[in-house]
Amino acid sequence: MRTRAAIMFEANTPLVVEEIELLPPGPGEARVRIEAAGVCHSDLHWMLGHAGTPLPVVLGHEGCGVVEEVGAGVTSVQPGQRCVFILRPNCGRCEYCTVGRPMLCNGRTNPDGTLFDGTTRIRRLNGDIVYHYGRISCFAEHAILPEEQLLPTGDGIAPDRAALVGCAVITGFGAVMNTAKIEVGSDVAVIGCGGIGLNVIAAAHMLGARRLIAVDIDERHLRFAREFGATDAIDARSGDVVAAIRAASDGQGPHYAFDAYGSPRTMEQAFACVRAGGTAVQIGLAPEGAVGSISPFDLALSEKTLKGSFMGSSRPRVDMPRLLDLYRLGRLDLDRLVTRTYALDEINEAYDDLQRGVLARGVITMGG
Ligand SMILES: [Zn+2]
Ligand SMILES: [Zn+2]
């Protein structure tokens, strides 16, 4: 079928929205009419050439849409169902899937930029192949996804809210509830208060953090962080960030610190600021190859822990329905996270705004 998509032809050039031909879904795949796609920082790494992917490509991984057609053998979704997208598929059979860590699944691999059969379903109108991204590619009006990356949302949630659950919300909440498993009354610092950081703050607030220390370089982000439960706000441009975080937490430092920004420097700050026995969690992605330093002396004597968290160490089919239900119960605030919506044709403007520091999350909504 003919549809439209935002294509990246090369890094550091604007995306081009154009008509494409989408081939029918193969076995185990579904065609989805995309309703909403989050403007996530991770896509920006590819746009800026921080990491490689086959080109041209349709990016977009945080999204929501309605299943329109299913390929042979699809049993878990039906046409008409609204689904949120799961970035990481899982085979259900490898060691990681078996021990409950599906984000690390290594049982299903496919060449970069293709679906599981090693081919793509996206063509330019001249017949040229266009690659997929994460088998999602939701910066488009339609996409072909494997059924295992589709999770029905149920009723009562608007697509631009549901989309965020697929990346920003699961990443932020998961880092707190799955990776760190914070205790009631613990002190928590969060470096970087964009879409992910706000969800870390919301999760730590929900799980009973005592001092909840927000760190950012943008005063508007810090004010917004307070609305999500931060008790302290530290402007990272003014003075010694680590000393300021410690001062806000009994002078000893928090029990947990999260780097939601993603750079060697912020990783080092998160590790340095936690108290002895504390845990620093790395969430944000730095450019591939960037390296930070940790003191072995400090690491040993202080018994600190440094943990990575990918997509919130989540089990999507357990965690996402729970988060969607918390929203329906009025206990998870997704409404305030969406601060701006864009049409697909405005996608370059959306990413310019992201780089200028848009509050919380911008969302691209299709056909509306
Ligand atoms: Zn994302
Ligand atoms: Zn697996």
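How many salt bridges does the structure hold? The count is 29 in this predicted model, and several of them appear in the close-up views described below.

**Figure 1. The zinc ion (ligand 2) is held by four cysteines.** Cys91, Cys94, Cys97 and Cys105 each offer an SG atom as a donor to the zinc ion (ligand 2). These protein donors lie 2.3 to 2.4 Å from the ion. Because the four donor atoms subtend angles of 104 to 115° around the zinc ion (ligand 2), the arrangement is tetrahedral. Along the chain, the donor residues follow the spacing C-x2-C-x2-C-x7-C. Two of the residues in this view, cysteine 94 and cysteine 97, are buried.

**Figure 2. The zinc ion (ligand 1) has two cysteines and a histidine as protein donors.** The donor atoms are SG of Cys40, NE2 of His61 and SG of Cys167, at 1.9 to 2.2 Å from the zinc ion (ligand 1). In sequence these residues are spaced C-x20-H-x105-C. Cysteine 40 belongs to the loop between strand 3 (29–38) and helix 1 (41–47), whereas cysteine 167 belongs to helix 3 (residues 159–180), so the pair ties together parts that are 127 residues apart in sequence. Cysteine 40 counts as buried because its relative accessibility is 3%, below the cut-off of 20%. Cysteine 167 also has a relative accessibility of 3% and therefore counts as buried.

**Figure 3. Domain 1 and domain 2 meet at an interface.** The domain assignment gives domain 1 as residues 2–157 + 334–365 and domain 2 as residues 171–310. The centres of the two domains, taken over C-alpha atoms, are separated by 29 Å. At the interface, 16 residues of domain 1 are in contact with 15 residues of domain 2. The two domains bury about 1300 Å² between them, and 64% of this area is on carbon and sulfur atoms. On the side of domain 1, Arg336, Leu337 and Leu359 lose the most area to domain 2, together accounting for 39% of what that side buries. One salt bridge is counted between domain 1 and domain 2. In a salt bridge with an N to O distance of 3.1 Å, the side chain of arginine 336 meets that of glutamate 227.

**Figure 4. Two salt bridges involve glutamates of strand 3.** The side chains of glutamate 29 and arginine 121 meet in a salt bridge of 2.9 Å, N to O. Glutamate 29 is in strand 3 and arginine 121 is in the loop between helix 2 (95–98) and strand 7 (122–124), so this pair ties together parts that are 92 residues apart in sequence. Glutamate 29 counts as buried at 6% relative accessibility, and arginine 121 likewise counts as buried at 6%. In the second pair, the side chains of arginine 82 and glutamate 35 meet at 2.7 Å, N to O. This pair links distant parts of the chain, with arginine 82 in strand 6 (residues 82–85) and glutamate 35 in strand 3, 47 residues apart. Arginine 82 is partly exposed, with a relative accessible area of 27%, while glutamate 35 is buried, with a relative accessible area of 12%.

**Figure 5. Further salt bridges include a pair and a network.** Aspartate 298 forms a salt bridge with lysine 304, and their closest N and O atoms are 3.7 Å apart. Aspartate 298 is partly exposed, at a relative accessible area of 27%, but lysine 304 is buried, at 7%. Elsewhere, salt bridges link Arg31, Arg33, Glu68 and Glu69 in a network.

**Figure 6. Helix 7 contributes buried residues.** Within helix 7 (residues 264–273), Thr266, Met267, Gln269, Ala270, Phe271 and Cys273 are buried. Their cover includes three helical and strand elements of note: helix 6 (241–247), helix 8 (296–302) and strand 15 (279–282) are among them. Strand 11 (188–191), strand 14 (256–259) and strand 16 (305–308) also belong to this cover.

**Figure 7. Serine 186 is a buried loop residue.** Serine 186 is found in the loop between helix 3 and strand 11. With a relative accessibility of 3%, serine 186 counts as buried. Apart from its neighbours within four places in sequence, serine 186 is in contact with Gly208, Ala209, Arg210, Arg211, His255 and Tyr256. The C-alpha atom of serine 186 is separated by 24 Å from that of tyrosine 327, which is 141 residues away along the chain.

Note on methods. Residues numbered from 1 in each chain as written. Chains lettered and ligands numbered in written order. Predicted model: local features only at pLDDT ≥ 70, side-chain atom pairs only at ≥ 80, totals over all residues. Heavy atoms only, no water. Donors = N, O, S within 2.8 Å, 3.2 Å for Na, K, Ca; no water. Tetrahedral: all angles 85-135°; square planar, octahedral: opposite > 155°, others 65-115°. Buried < 20%, exposed > 50% of the residue type's maximum accessible area, 1.4 Å probe, protein only. Helix = DSSP H or I, 4+ residues; strand = E, 2+ residues; numbered from the N terminus. Domains from an automatic or database assignment. Contact = heavy atoms within 4.5 Å. Buried area = accessible area lost by both parts, 1.4 Å probe. Salt bridge = Lys/Arg side-chain N within 4 Å of Asp/Glu carboxyl O.
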